[in-house]
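I sat down with this one to note what a walk through its pocket, its helices and its core turns up. Here is the model I was looking at.

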Amino acid sequence: MHTFAPVSDDSFEQLYALAEPRSLVKGEVLVRPGQIARKIYFVCSGILISLFIKEEGETHIKNFFVPHNFAGSTVSLQLQSPSSFSIEALCKSVVLEMDYQLYKEKIYQHQDLKNFYIAYLEQKWVVENEKRQISFATQNASERYVQFLKDYPELEQQVSQRLIASYLGITPTQLSRIRREL
């Protein structure tokens, strides 16, 4: 928890008191498209994904949420608007589930939690997102795959080639070719 900014034990305990542990089975959906998100999740174990289905029925993986990361439909939480994607468990997982409004209230009551939250959002949901957007505009599929391996070294063996390809914006056949060439 101290990776982004120091948090006192007291602040952490107060935040943790809001959290409800929740065990998820593979395929369990936490947020559905069109639903207004009310919860934020901290991934303790397993893998969550955010995905949306394009008009032609093709699935697109937006994000992988691995342990020690928060998961949520940020725009839906912030604007109280319907989510444009779903979040689901890719495998058996454990999360800490928190009511987002209570979570935000607790953050605003503790400067150290606020500092952590800002630093986390800046790194995970702004910097990393911008890097990914730029990579789609400037890198070829092989370069994006190499970056994926650096960002998520543990996922190569845990996630299907189809999902990795979807995340990279390529077909499974293209990914297979890239993997052979590397």
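**Pocket.** I began with the largest pocket, which holds about 1,000 Å³ of space. A reminder to myself: this is a predicted model. I counted 34 residues in the pocket lining, and those nearest its centre are N63, E128, N129, R132 and Y167. Next I asked which elements give two or more residues to the lining. I found β5 (59–65), α2 (74–79), α4 (111–138), α5 (141–151) and α6 (161–168). The largest share is from α4, with twelve residues. By residue class, I get 14 nonpolar, twelve polar and eight charged in the lining of this pocket.

**Where α4 meets α3.** Since α4 had my attention, I looked at its contact with α3. At what angle do the axes of α3 and α4 cross? I read roughly 115 degrees, with the axes coming within 5 Å. On the α3 side (residues 100–109), I noted Y100, Y103, K104, K106, I107, Y108 and Q109, which meet Q111, L113, K114 and Y117 of α4. I sorted the residues of this contact into six nonpolar, two polar and three charged.

**Cores.** I then turned to the nonpolar cores. In soluble globular proteins, nonpolar side chains tend to be buried together. Here the largest such core has 21 residues, and F64, F148, L155, V159 and L168 have the most contacts inside it. The elements giving two or more residues to this core are β4 (48–53), β5, α5, α6 and α7 (172–181). The largest share, five residues, is from α6. I picked out L155 for a closer look: beyond its neighbours within four places in sequence, L155 is in contact with I47, F64, V66, F148 and I164. Apart from this core I found another one of 18 residues, including A5, F42, Y103 and F116. I had already met Y103 in the contact of α3 with α4.

**Helix α6.** This helix gives residues to the pocket lining and to the largest core, so I checked it last, asking why α6 is largely enclosed by the rest of the structure. The reason I wrote down is that six of its eight residues are buried. They are L163, I164, A165, S166, Y167 and L168. I also looked up what the buried residues of α6 pack against, and found β5, α4, α5 and α7. After α6 comes G169, where I read a positive phi, near 75 degrees.

Technical notes
Residues are numbered from 1 along each chain as its sequence is written. This is a predicted model: local features need pLDDT of at least 70, side-chain atom pairs count only at pLDDT 80 or more; totals for chains, interfaces and linings use all residues. Side-chain values use heavy atoms; hydrogens and water are left out. On a 1 Å grid over the protein atoms alone, a cavity is a set of points where a 1.4 Å probe fits but cannot get out, and a pocket is an open set with protein on both sides within 12 Å along at least five of seven lines; lining residues have an atom within 4 Å of a point. Grid points are joined across faces, edges and corners, and a volume is the space filled by probe spheres set on the points. Helices (H or I, at least four residues) and strands (E, at least two) are DSSP runs, numbered from the N terminus. Ala, Val, Leu, Ile, Met, Phe, Trp, Tyr, Cys and Pro count as nonpolar, Asp, Glu, Lys and Arg as charged, and the others, Gly among them, as polar. Axes are lines fitted to C-alpha atoms, for helices over the stretch in contact, and angles run from 0 to 180 degrees between N-to-C directions. Contact means heavy atoms within 4.5 Å. A nonpolar core is a set of buried Ala, Val, Leu, Ile, Met, Phe, Trp, Tyr and Cys residues joined through side-chain atoms within 4.5 Å. Buried means under 20% relative accessible area, exposed over 50%, partly exposed in between (1.4 Å probe, protein chains only).
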